[in-house]
Amino acid sequence: MNFDPCTLFWKGYSLQSYDLVAPQHLRLRLQVDSVAFCSVCQQSCLQVHDTVLRQVRDCDLLDYRLSLIVPVRRVNCPDCGRQNEHIDWLSKHQRMTDRLVKHTEDLCRILPIKHVAEHLKLSWH
């Protein structure tokens with residue numbers, strides 16, 4: 001039985017490689033493991049037009065700042081034409097995962113924005 005823990009966090013992707021960018025900054029390169037779905041109609045699309053790599057931030061992993069290199073496919077949907085694929089955990093054109101966005105929002109409910117930005121090493125202006 002093969003179990004990939006990446007599927008718990010990044011549905012449809014698995015870990016291809018990783019590297020230490022800085023002493024406390026880990027970069028994970030993910031690879032696609034599933035069929036692409038159109039972001040408009042959610043229909044599965046077998047024909048991929050092209051793929052771009054997008055670097056996004058995710059919640060910290062232990063003491064490491066976590067960056068992901070995610071291949072995002074542009075599909076030829078039979079109904080909608082060319083569209084980016086739908087990724088469950090990453091909103092369209094976002095540079096942060098939905099998990100990090102929610103974590104940031106939760107912290108902003110109890111802490112000043114400036115403190116949250118400093119803690120997560122985010123720019124807020």
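**Pockets, core and a buried threonine**

The second largest pocket of this predicted model encloses about 180 Å³ of space. Its lining is formed by Lys11, Gly12, Tyr13, Ser34, Val35, Ala36, Phe37, Arg73, Glu85, His86, Ile87 and Asp88. By class, this lining comprises 5 nonpolar, 3 polar and 4 charged residues.

The largest pocket holds about 230 Å³, and its lining has another make-up: 9 nonpolar, no polar and 3 charged residues. Helix 1 (6-9) and strand 5 (48-61) each provide at least two of the lining residues, with strand 5 giving the most, at 4 residues. Among the residues that line the largest pocket are Cys6, Phe9, Trp10, Asp58, Asp60 and Arg99.

Attention now turns to the interior. The largest nonpolar core consists of 14 residues, and those with the most contacts inside it are Trp10, Tyr13, Leu30, Leu68, Val70, Ile87 and Trp89. Strand 2 (25-32) and strand 6 (64-77) are the elements that give two or more residues to this core; strand 6 gives the most, with 4 residues. Leu30 touches several residues beyond four places away in sequence, including Trp10, Tyr13, Leu68, Val70 and Trp89.

A further site is found at Thr104, which is placed in helix 2 (residues 98-108). Thr104 counts as buried because its relative accessible area is 15%, under the 20% limit. A polar atom of the Thr104 side chain lies 2.8 Å from the backbone oxygen of Leu100. Leaving aside residues up to four places away in sequence, Thr104 touches Val116, Leu120 and Leu122.

Terms used
Residues numbered from 1 in each chain as written. Predicted model: local features only at pLDDT ≥ 70, side-chain atom pairs only at ≥ 80, totals over all residues. Heavy atoms only, no water. Buried < 20%, exposed > 50% of the residue type's maximum accessible area, 1.4 Å probe, protein only. Polar contact = N/O pair within 3.5 Å; in protein donor to acceptor, adjacent residues only side chain to side chain. Contact = heavy atoms within 4.5 Å. Core = buried A, V, L, I, M, F, W, Y, C linked by side-chain atoms within 4.5 Å. 1 Å grid on protein atoms, 1.4 Å probe; cavity = no way out; pocket = protein on both sides within 12 Å on 5 of 7 lines; lining within 4 Å. Points joined across faces, edges and corners; volume = space filled by probe spheres on them. Nonpolar A, V, L, I, M, F, W, Y, C, P; charged D, E, K, R; others polar.
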